[in-house]
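Here's a quick walk through one protein chain. Keep the viewer open and follow along.

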Amino acid sequence: MTVDAPTEERHPGTMSIDTHPSLDILRALNAEDATVAGAVSAVLPELALLVDRAVESLRHGGAVHYFGAGTSGRLAVLDAAELRPTFNAPAGLVVAHHAGGPAALLQAVENVEDDVDLGRSEAGMLHRGDVAIGLTASGRTPFVAGALARAREIGAVTALVTANPHAELAPLADHLLAADTGPEALTGSTRLKAGTAQKLILNSFSTAVMIRLGRTWSNLMVDVVATNAKLRGRVVRILQEATGASAEQARRALDDADGELKPALLSMLAGVDAASARRAIADHDGSVAQALVVLGGPVTAGPARIH
């Protein structure tokens, strides 16, 4: 089957790349990579709409589901997996469905990306109001097509992340995120620019969703799960950074809050005990900033510098 997509076109500027020394190869790849951020920037307005839809869904008990095959599926698995250690996102909040399952993460599994019915089956667990995000560089992967079609039937919000502005699957998406990264330095190798664009979009999407859900305070990760020495040290530094306290004061506040960062932070900022801080956070959908408005204290740590 012939795939008609920009990523399959031959790049006129890299036809002799195999004759170049290593440094020139790397410079050529790097020059192509430098164009990806601009391509992603063009889809940010649509991505913002998707973030808002996802936040609304999650606040009402819904979930976000990623669907992809090959590189796209692996990037989806990576993004979903990183949300728990980074933001303490509960299991089931963001779920990645990779065509072929765990076995396909390390090696290719024949025919799974071309299986429409497999995609439909994977999406069968969705509920009305969930968010289904398909990832396919070419914009035509049958597994993703099946998943998005079934998601629509269920009543989920659908989105497509692709490198093809004329993606075949666009009609299945409420939100089309087509980062036009153009031909790859190596023809058809979508693990390069197209994959980088997908990674940037997923990073931005999930991070913005977590921020909107109150899993940060200012630009600090206050829902970190301290599962190792590095992260335990980070938790103490976050408290120090946010409050100006000493390391000993931060550790004492953490002990009083049974090791939970958010109630420890709020108790220090608002001058209340850990139990009161925990109740206030629960009453305000997990948001330290919103709880601070009620309890009194600095709304943010330092001047805003977002431009």
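## The big picture

How many helices and strands does the chain have? You'll find 13 helices and seven strands. Keep in mind that this is a predicted model.

Taken along the principal axes, the C-alpha atoms fill a box of roughly 65 × 50 × 35 Å. Of the 307 residues, 45% are buried. Among contacts with a separation of 6 or more, 66% link residues 24 or more positions apart. The accessible surface adds up to about 15100 Å², and carbon and sulfur atoms own 52% of that.

## The annotated glutamates

Where does UniProt put the "active site" feature? The record, an unreviewed entry, lists Glu 82 and Glu 113. These positions span 32 residues in sequence, and their C-alpha atoms are 23.9 Å apart at the farthest, so they don't all gather at one spot. From this set, Glu 113 is part of the lining of the second largest pocket.

Glu 82 sits in helix α4, which covers residues 70-87. Its relative accessibility is 36%, so Glu 82 counts as partly exposed. Glu 113 is in a loop instead, between α5 (103-106) and α6 (116-122). Glu 113 is also partly exposed, because its relative accessibility is 37%. Leaving aside residues up to four places away in sequence, Glu 113 touches Ala 69, Ala 99, Thr 141, Pro 142 and Phe 143.

## A mostly covered helix

Now have a look at helix α11, residues 261-270. Is this helix mostly covered or mostly open? Mostly covered: nine of its 10 residues are buried. Among them are Leu 261, Pro 263, Leu 265, Leu 266 and Leu 269, and even Lys 262 and Ser 267 are on the list.

What do those buried residues pack against? On the strand side there are β6 (216-217) and β7 (220-221). The helices in contact are α9 (229-243), α10 (247-256), α12 (274-283) and α13. Right after α11 comes Gly 271, with a positive phi near 70°.

## A greasy spot on the outside

Helix α13, one of the neighbours of α11, runs over residues 288-295 and includes Val 293. Is Val 293 buried or exposed? Val 293 is exposed, because its relative accessible area is 60% and the cut-off for exposed is over 50%.

Val 293 also has company: together with Val 294 and Leu 295, this residue makes a nonpolar surface patch of about 270 Å².

Technical notes:
Residues numbered from 1 in each chain as written. Predicted model: local features only at pLDDT ≥ 70, side-chain atom pairs only at ≥ 80, totals over all residues. Heavy atoms only, no water. Patch = residues over 30% accessible without salt bridge, like charges linked within 9 Å, V, L, I, M, F, W, Y side chains within 5 Å. Areas by Shrake-Rupley, 256 points an atom, 1.4 Å probe, with all protein chains shown as cover. Salt bridge = Lys/Arg side-chain N within 4 Å of Asp/Glu carboxyl O. Helix = DSSP H or I, 4+ residues; strand = E, 2+ residues; numbered from the N terminus. Buried < 20%, exposed > 50% of the residue type's maximum accessible area, 1.4 Å probe, protein only. Contact = heavy atoms within 4.5 Å. UniProt positions renumbered as here; feature names shortened; annotations may be inferred. 1 Å grid on protein atoms, 1.4 Å probe; cavity = no way out; pocket = protein on both sides within 12 Å on 5 of 7 lines; lining within 4 Å.
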